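Reader: I'd like to learn how to read a few features off a fold. Can you walk me through one?

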Amino acid sequence: MTEPNKIRWGIIGPGAIAKAFCNGLKDSESGVLAAIGTRDPDRPGLADTFPGARIHKGYDALLADPDIDAVYIALPHPGHAEWAIKTAEAGKHALVEKPLTLTAFEAHAMIHAARKAGTFLGEGFMYRQHPLTLKLAELVRSGTIGEVRLIRSSFGFAMPQFKPEHRIYANDLAGGGILDVGCYPVSMARLIAGAATGQDVLEPAKVTATGHLGQSGVDEWASALLQFPGGILADVSCSVSLSQDNVLRIFGTKGRIEVKDFWFGSGLAGGSVDIRIVGLDDVVETVTVEERRHLYSFEADAAAAAIRASRQEFAWPGMSWADSLGNLTVLDKWRQAIGLEYEIEKPQRRTQTLKGTPLKRGNGPIPRRTVPGLTPEISAVALGFEDFRTFSSAAILLDAFYEAGGNLFDTAFVYGAGITEKLFGDWQSSRGVRQESVIIGKGAHSPLCRPEFIGQQLTQSLDRLKTDHVDVYFMHRDNLDVPVGEFVDAMDAEVKAGRIRGPFGGSNWTRERFDEAIAYADRTGKQRPGALSNNFALSEMQDAIWPGCISSSDDEWKAWLMARQIPNFAWSSQGRGFFTDRAGRDKQGDEELVRVWYSERNFARRDRTIELAHRLGKRPIHVALAFVLAQPFPSVPLIGPRTLGELDDSLEAFDIALTPEEVAWLDRG
């Protein structure tokens with residue numbers, strides 16, 4: 001029988017790491033192995049390897065077991081995100097073997113699921129809770145070697161032979177060194193840099209890296225240089241086909257610290273480990289850390305302590321959520337530097353959501369609205385995603401937006417030098433949702449803001465978007481040196497060619513120029529411009545964010561939009577952080593925030609937004625977005641969340657239905 005008050009653990013993926021964790025549980029003070037989930041329950045030796053554990057056929061069966069409190073996920077890397085999310089949705093806590101997942105973007109999604117479920121989620125770096133790690137941090141903080149200047153660490157080994165099907169080399173299993181073993185020296189370097197500066201961890205300001213991709217397309221050896229604020233450098237390396245000395249070296253102004261194989265603590269099954277402190281005179285002092293408990297027992301007890309205290313993440317020195325995200329961000333940059341993208345991350349293979357389910361049109365919180373000239377109805381907000389550079393990261397957000405009811409997507413020829421359009425093209429074709437999607441395209445940005453570039457760029461855009469038309473088209477800038485009729489002629493020609501199926505118009509156009517374009521179209525029998533994409537927000541832009549930008553937030557613009565009922569697809573609709581805690585009347589904040597948004601009238605609006613948000617139980621940023629949605633003319637905000645948490649946060653604005661009186665009060669008091 002299970003001992004009372006013990007955390008009842010289940011294991012998904014009964015491999016070598018799972019066996020190590022099982023042995024760690026035997027030495028733990030808080031947990032017991034209750035069950036395992038496996039796709040092959042008849043595998044010989046399972047009962048002997050995991051004695052006393054119930055054996056479930058399949059991982060879903062384990063998650064359905066009511067006598068499981070927490071799950072240790074010991075699958076190959078690509079399975080971490082899917083099953084951590086499913087574990088959270090099953091109401092169970094999760095400890096995920098390192099790396100937490102493949103990218104920081106996937107980790108955000110896992111954290112989002114745990115946060116919503118109220119469950120614990122931790123990354124299993126077994127060395128982090130070991131007394132050796134605490135001792136190293138203590139020595140650094142106490143100035144034993146003076147001020148830390150350089151950290152060198154490696155984790156490298158040589159496989160006996162190349163086997164493309166082996167986990168270490170398999171591309172489909174995200175093999176190679178960076179994710180499997182490079183994560184250790186990166187995590188330790190960030191921890192030591194943090195200890196040296198009085199913090200839990202410190203994030204590098206710059207990552208430069210190189211590496212060798214082998215026959216199966218994974219990294220076989222790689223190195224990275226991390227540059228931390230304050231001048232601390234970390235030289236880290238990893239390998240799976242090359243043996244390295246695997247010594248952690250911390251260099252300071254008064255000497256250095258050396259530890260062999262730090263990630264093994266005092267040994268897998270317990271023992272002792274020496275920390276060598278070498279002074280400037282080469283005199284060596286040895287500090288011995290002795291610990292008889294199994295290495296994996298410490299993370300099991302740390303997870304149990306968090307669960308019992310109703311904490312959702314590890315306490316230091318374990319990997320907090322921010323720590324795991326920071327570590328993966330470094331690994332992302334390392335992989336990007338050497339061009340390592342696994343085949344399973346590409347659109348041809350990643351055809352389902354991160355949770356491993358087919359994309360479905362959701363009945364989520366995003367309402368639909370009718371805009372003249374557009375079919376089908378469009379979602380009340382448009383999704384911008386120009387910050388993404390890989391399909392696997394962008395697809396997480398695109399999938400979630402679509403399942404929440406969104407179908408309007410903001411793209412442009414210049415975003416990411418075409419990457420954004422390509423990502424969307426890959427996504428809509430892999431998901432088969434082009435007919436349900438409404439694409440905003442933009443072209444003719446300065447300095448190529450001339451009529452002849454509209455058709456040329458649209459041809460390239462459509463190729464990237466993998467479609468034969470866009471649904472809405474905007475000139476990205478205006479060029480007052482060119483008669484407006486020439487621009488109308490160019491866009492009208494694309495309408496007649498069927499490459500623009502809905503309204504077109506200008507982004508960052510003045511009222512006068514738009515009126516002139518309408519008059520020209522009426523006079524010549526061309527299609528009228530029917531949409532605008534200017535900045536519009538509760539806060540008025542005081543200075544252009546970028547050259548050539550136009551804001552439509554003042555009273556004259558509002559009257560013009562109201563009179564003409566021109567749909568405005570509003571960028572920076574939430575004031576780019578002005579309605580968050582970043583802004584303050586004492587002029588504190590980043591340069592852009594102060595330059596663009598700071599005015600007494602805007603701060604008065606912000607004060608009223610805070611007051612109304614407090615009454616509604618929302619945050620000011622929600623009220624600011626609701627203001628844009630509640631205008632008496634077609635107003636479609638463009639939102640640009642980077643994570644699922646930010647997306648859900650933006651969608652809280654749909655809980656707010658502002659009255660005309662509240663809209664006027666927020667604006668003018």
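Reader: Is Arg-605 buried or exposed?

Author: Keep in mind that this is a predicted model. Relative accessibility is the number to look at, and under 20% means buried. Arg-605 comes out at 0%, so Arg-605 counts as buried.

Reader: Which side chain does Arg-605 meet in a salt bridge?

Author: For a salt bridge, look at the N to O distance between the two side chains. Here Arg-605 pairs with Asp-667 at 2.9 Å. That pair links distant parts of the chain, with Asp-667 in helix 20 and Arg-605 in helix 17, 62 residues apart. Asp-667 is buried too, with a relative accessible area of 3%.

Reader: Where do the partners of Arg-619 and Arg-582 sit, sequence-wise?

Author: Arg-619 bridges to Asp-649, and their closest N and O atoms are 2.4 Å apart. Arg-619 is in the loop between helix 17 and helix 18, while Asp-649 is in helix 19, so this pair ties together parts 30 residues apart in sequence. Arg-619 is partly exposed at 38% relative accessibility. Arg-582 meets Asp-590, at 2.2 Å from N to O. Arg-582 is partly exposed at 43%, and so is Asp-590 at 33%.

Reader: How many salt bridges does the structure hold, and which residues join into one network?

Author: The structure holds 56. When bridges share partners, you can chain them up: Glu-540, Asp-555, Lys-558, Arg-601, Arg-605, Asp-667 and Arg-668 form one network that way.

Reader: Back to helix 20: which of its residues are buried?

Author: A handy trick is to look down the helix axis. In helix 20, residues 660-668, the buried ones are Val-663, Leu-666 and Asp-667. They fall within an arc of 95 degrees, so they line one face. Glu-661 and Arg-668 are exposed on the other side. The buried residues pack against helix 15, helix 17 and helix 18. Right after helix 20 comes Gly-669, with a positive phi near 90 degrees.

Reader: How many residues are in the largest nonpolar core?

Author: That core has 215 residues, and those with the most contacts inside it include Trp-427 and Phe-569. Helix 7 supplies its largest share, twelve residues. Leaving aside neighbours within four places in sequence, Phe-569 touches, among others, Leu-374, Phe-474 and Val-636.

Reader: How many disulfides does the structure hold?

Author: A disulfide is a covalent bond between the sulfur atoms of two cysteines. Here there are zero. Take Cys-549: its closest cysteine sulfur, in Cys-449, is 12 Å away, too far for a bond. Cys-549 is buried at 9% relative accessibility.

Terms used
Residues are numbered from 1 along each chain as its sequence is written. This is a predicted model: local features need pLDDT of at least 70, side-chain atom pairs count only at pLDDT 80 or more; totals for chains, interfaces and linings use all residues. Side-chain values use heavy atoms; hydrogens and water are left out. A disulfide is a pair of cysteine sulfur atoms within 2.5 Å. Buried means under 20% relative accessible area, exposed over 50%, partly exposed in between (1.4 Å probe, protein chains only). Helices (H or I, at least four residues) and strands (E, at least two) are DSSP runs, numbered from the N terminus. The arc is that of the directions from the helix axis to the C-beta atoms. Contact means heavy atoms within 4.5 Å. A nonpolar core is a set of buried Ala, Val, Leu, Ile, Met, Phe, Trp, Tyr and Cys residues joined through side-chain atoms within 4.5 Å. A salt bridge is a side-chain nitrogen of Lys or Arg within 4 Å of a carboxyl oxygen of Asp or Glu.
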